[in-house]
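Please look through the sequence and the model shown below, and keep both at hand while reading the report that follows.

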Amino acid sequence: MEQRAQIESREDLVERLKEEARQLRITDIKMLQKAGSGHPGGTLSAADMVAALYLHKLRLRPEEPDWPDRDRFVLSKGHCIPIVYAALARLRFFPEEQLWTLRKMGSPLQGHPDRMRCPGIEAATGSLGQGLSMAVGMAVAGKIDGASWRTFCMLGDGESQAGQLWEAAMFAGKHGLTNLVGILDQNQVQQSDKVVNILDIDPVTKKWESFGWRVIEIDGHDMAQVLDALDEADDARDRPTMIVSHTVKGKGVSWMELNPDWHGKAPDEKQAALAIEELEGKITAEESRERFEALSKGGK
Amino acid sequence: MAKATRESFGEALVRVGEDPKHVVLDGDLMKSNMTYLFKEQHPERFVEVGIAESNMVGVAAGLALAGKVAWASSFSCFLAGRLETIRMSVGYNEANVRLCGTHAGIGIGDDGASQMALEDVAAMRALPNMDVIQPCDDVETQRAVEYLADHVGPVFLRLTRQKLDDMNPEDYRFEFGKAVTLRDGSDVALIGTGATVQEALKAADELAGESVSARVLNVHTIKPIDAETLVKAARECRAVITVEDHNVLGGLGSAVAEVLAAAGTDGTRLTVLGVRDYGQSGTSEELYEEYGISASHVAKAAREALGG
């Protein structure tokens, strides 16, 4: 956030962003429940990084979405866009009421990002494996113009099975795109099963290094580590940076965590209320799981 | 002087490339696509992507979203092969990308089927906001590239490997979306695009010797197509023949059929000449004879349609 100029201690910043991430998760669950469909798992795993980027790191002007010197963010795992919508609404790119139109006919908040309909969206994505190529193109344009803005691109681990992504990775490494920062949201689960069981992408750190990237590996749910990694990426030296962010799919809602069933299914009203209670810290994970089991039994 | 439209493209790109908003992308075919000419003059805006066409399409989209006009070229079959990336990254994003597919059709000759783009027009035409342009000679290609320098939106430009005769005057003006009437006539309308315009003209010469009056139309903009000129031709002539170096499904012939059917030009028979196969090695001339898109086939189709 460009306008955030006041002095804020590191501790305060970490605490503020942790709270922002918590609020984004709550908003996300509400949005998906109202929409009746969507992808909770991958939105929740990305929440901490999205909070750190949108509510701290990215240079943006919500009142001027097309500001030429803005940083660009491309969500290559486009199905997880609701968590970004929540951040954009928090920044007033559009009114908060619009969040509740997610996935509805005529809404700017399409099921997958649409740059022509929604302010603050840089690129339409949703066909996995394509976002990094577009982010690379933006970074090349920035290099040609000698611009100071940077491009950030978030990838999924399941998505890392797609060939085009590695074409882009090879290009960015070869051309030393110092104005490009990738984030791998390694949440371990894809639609049908765990990533290791579908098509293991490890050793993914070695892959990125061998493609000419600097890799920073973090616990993606530790806000201090998230911030340190983003700060470290400020000094790109001679190559693009990939932050391998180890995360948990469904993070924050115990009964969604690492469960492929919650890849692409929205919680119903009762489930959403329960998830929000857990996110708000009103109940423990254990209580939440028990009540979820009870709800599931009651439903059958 | 006969010239391949890929050569005219390469030359024109150097000129329009003086404007720093233009960036050219290559997938290791710069000597075939003739974009090496741009690289020599503007190396700082030439992006070598390697043999990775999907990434090339995506990088072109990213450049466009950051304000550039991105010209991505490859053999047309390799571009069309990335249809889904084109649909998502270029089309849906309304990115200012020019997809420049050279080596279109069976006209490439010796290299054979794997290099022959025969479905590319059908694929690109199906994308809602993708315009499709196929020039027929040197001057038309040069003017089309100049026009595209400032055009807004995604465009597919289809170009030939083989040389094509000059058919337009030196002072030719390119009008986007407007078919060119190269010769007027009232018995039959012969409609070509790109490499087959010269076949249509030669067929008209042949028919003239038999006292058949043939109108020849050059449809350089396949999309948006010039419905008005096509319907007028169908109403004023007794038969319409289309000829294209592309599959008969989804290309020029289909586009013309859609227009004529919708306009209700009944009574005028439409014959669609085009390729119905994957092609094979040979010379352009041999292949145009074999696959039924040469001047003699056009003339024969006209005679048959007129009941002669």
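## A sheet of five strands in chain B

In this predicted model, strands β10(B) and β13(B) run parallel and are joined by 5 bridges. One place to find this pairing on the screen is G192(B), whose bridge partner in β13(B) is V243(B). These two strands belong to an open sheet of 5 strands with mixed pairing, and the order across the sheet is β9-β11-β10-β13-β14 in chain B. At its edges stand β9 (180-183) and β14 (269-275) of chain B, each of which pairs on one side only. On average, and with direction ignored, neighbouring strands of this sheet are turned by 25° against each other.

## Helices that lie on this sheet

Helix α10 of chain B, which covers residues 227-236, has three residues that are named as buried, and these are L230(B), A233(B) and A234(B). Viewed down the axis of α10(B), the buried residues fall within an arc of 95°, and therefore they line one face of the helix. A general property of helices helps in reading this pattern: an α-helix has 3.6 residues a turn, so residues three or four places apart point the same way.

What do the buried residues of α10(B) pack against? Their partners in chain B are the strands β10 (188-192), β11 (214-218) and β13 (239-247), together with the helix α11 (252-263). A second helix, α13(B), made of residues 295-305, lies across β10, β11, β13 and β14 of chain B, and it runs at about 145° to β13(B).

## A sheet of seven strands in chain B

Chain B also contains an open sheet of 7 strands, again with mixed pairing, in the order β3-β2-β4-β5-β7-β6-β12. The edge strands here are β3 (46-48) and β12 (221-223) of chain B, and each pairs on one side only. Neighbouring strands of this sheet are turned by 20° against each other on average when direction is ignored.

Within this part of the chain, strand β2(B), residues 22-26, and strand β4(B), residues 69-75, run parallel and are joined by 5 bridges. Along this pair, V23(B) stands opposite A70(B) in β4(B).

## Two residues in chain B

Is K21(B) buried, exposed or partly exposed? It counts as partly exposed, because 15 C-beta neighbours lie inside 10 Å, whereas 20 or more would be needed for a buried residue. K21(B) sits in the loop between α1 (5-16) and β2 of chain B. Leaving aside residues up to four places away in sequence, K21(B) touches K68(B) and V69(B). The C-alpha atoms of K21(B) and G91(B), which are 70 residues apart along the chain, are separated by 20 Å.

G10(B), by contrast, is buried, with 26 other C-beta atoms within 10 Å, and it lies in helix α1 of chain B. When residues up to four places away in sequence are not counted, G10(B) touches M34(B), T35(B) and L37(B). Between the C-alpha atoms of G10(B) and N96(B), which are 86 residues apart along the chain, the separation is 19 Å.

## Helices of chain A

Why can helix α3 of chain A, residues 81-90, be called largely enclosed by the rest of the structure? The reason is that 9 of its 10 residues are buried, among them I81(A), P82(A), Y85(A) and L88(A). The buried residues of α3(A) pack against α1 (10-35), α2 (40-57) and β1 (72-75) of chain A. After α3(A) comes R92(A), whose phi is positive, near 70°.

The axes of α1(A) and of helix α9(A), residues 269-279, come within 10 Å and cross at roughly 180°, which means that α1(A) is roughly antiparallel to α9(A). From α1(A), the contact is made by R22(A), R25(A), I26(A), I29(A), K30(A) and Q33(A), while α9(A) contributes E269(A), A272(A), A275(A), I276(A) and L279(A). Sorted by class, this contact has 6 nonpolar, 1 polar and 4 charged residues.

## Where the two chains meet

How many residues of chain A are in contact with chain B? There are 21 of them, and they meet 25 residues of chain B. On the side of chain A that touches chain B, α4 (131-145) and α5 (163-174) of chain A each supply at least two residues. The helix α4(A) gives the most to this side, with 10 residues. By class, the residues of this side of chain A divide into 12 nonpolar, 6 polar and 3 charged.

Note on methods: Residues are numbered from 1 along each chain as its sequence is written. Chains are lettered from A and ligands numbered from 1 in the order in which they are written. This is a predicted model: local features need pLDDT of at least 70, side-chain atom pairs count only at pLDDT 80 or more; totals for chains, interfaces and linings use all residues. A residue is buried if 20 or more other C-beta atoms lie within 10 Å of its own, exposed if 12 or fewer, and partly exposed in between; C-beta atoms are placed from the backbone. Helices (H or I, at least four residues) and strands (E, at least two) are DSSP runs, numbered from the N terminus. Two residues are in contact if their C-beta atoms, placed from the backbone, lie within 7 Å. Two strands pair if DSSP finds at least two bridges between them. Axes are lines fitted to C-alpha atoms, for helices over the stretch in contact, and angles run from 0 to 180 degrees between N-to-C directions. The arc is that of the directions from the helix axis to the C-beta atoms. Ala, Val, Leu, Ile, Met, Phe, Trp, Tyr, Cys and Pro count as nonpolar, Asp, Glu, Lys and Arg as charged, and the others, Gly among them, as polar. Angles under 35 degrees count as roughly parallel, over 145 as roughly antiparallel, 65 to 115 as roughly perpendicular and the rest as oblique.
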